[in-house]
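User: Can you help me learn how to read empty space and backbone angles in a protein model? I'm new to this.

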Amino acid sequence: MEINNRPLSCNVSSEDVYRMLDGYFEGIDATRSETLSSHLKNCDCCSDVMQFQLGLRTVIGSGCREELPDDVRQRLLESLHKLR
Amino acid sequence: MVADQATFVEDTEPFMASLYSTAVRLSGNRTDAEDLVQETYLRAFRSYDKFEAGTNLRAWLFRILTNAHINRYRARQRRPEETDMDDVEDLYLYRRIRDEARISMSAEDQLMQYFSEAEVVSAVEALPDAYRMAVLLADVEGFSYKEIAEILEIPVGTVMSRLHRGRKMLEKALYDFAVSRGIAPDDDTALDEVSADASS
């Protein structure tokens, strides 16, 4: 399938969305990064995308967290105390 | 100033829970995760005199953890294969599921209507190692891109591209779960207008 990285309805490219999301503007000139930052502040479309992407990261993050069971903690600590 | 082995346990214990959590996702099960954390602590203890006190201890421990994991599973490729990954469209999930309830619902709540936490875990565990490590360090442990670069000993640009690709692969895998349960249309239907463009 041909990849189709269509721009958003506000005409911002997906690459720029990711740039704004990460606050990472390396490789693009200062004028353009300022334009993007000020666009972001006023654009409902971009802010919705970003909220969605950040929400996705939150979902991934909280879904993957694993509790440390007490018995495992105890065993690990015991082996740590034997280290000296 | 170098770190002192006498304070090793109290210095490092606060990071045990997050090391274990990451170890479970890296190794895929609790038994191996416990071994991996134990090995991490042993290695860390032995080289603790090389750790510079006052620098980032948490990142240092995660560097030992990921290295220990890589050494264990040397058979698996350290570098991801770069095939097939670029096929996933940018903002894959957003373009497919965000339209309907955008006003009333948070992104998190909307996402969880399409797949479960267990599916998130299995999608993450199915990622190639290099992508999985980057995603876990960023999205679960909250390390900065610069810290991840130091932990994995790769340039920041590589961190970003692995995260970008890894997250897109996750988006695709999660969407596929929703499709398989019949709560999202399959890709051909969802992307009617794109197919029409491609065939014209």
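Analyst: Let's go through the cavity and then two backbone angles. This is a predicted model, where local features need pLDDT of at least 70, side-chain atom pairs count only at pLDDT 80 or more, and totals for chains, interfaces and linings use all residues. Residues are numbered from 1 along each chain as its sequence is written, chains are lettered from A and ligands numbered from 1 in the order written, and side-chain values use heavy atoms, without hydrogens and water.

User: How many cavities of 30 Å³ or more does a search of the whole structure find?

Analyst: Rolling a probe the size of a water molecule over the atoms shows where empty space is left. Here the search finds one cavity of 30 Å³ or more, with a volume of about 50 Å³. A cavity is a set of points, on a 1 Å grid over the protein atoms alone, where a 1.4 Å probe fits but cannot get out; lining residues have an atom within 4 Å of a point. Points are joined across faces, edges and corners, and the volume is the space filled by probe spheres set on them.

User: Which residues line the largest cavity?

Analyst: The lining is A:Tyr18, A:Leu21, A:Gln53, A:Leu56, A:Arg57, A:Ile60, B:Arg167 and B:Glu171. H3(A) gives the most, four residues; helices (H or I, at least four residues) are DSSP runs, numbered from the N terminus.

User: Is B:Leu91 buried or exposed?

Analyst: B:Leu91 has phi near 55 degrees, positive although the residue is not glycine. B:Leu91 is buried (under 20% relative accessible area), because its relative accessibility is 0%.

How values were computed: 1 Å grid on protein atoms, 1.4 Å probe; cavity = no way out; pocket = protein on both sides within 12 Å on 5 of 7 lines; lining within 4 Å. Helix = DSSP H or I, 4+ residues; strand = E, 2+ residues; numbered from the N terminus. Buried < 20%, exposed > 50% of the residue type's maximum accessible area, 1.4 Å probe, protein only.
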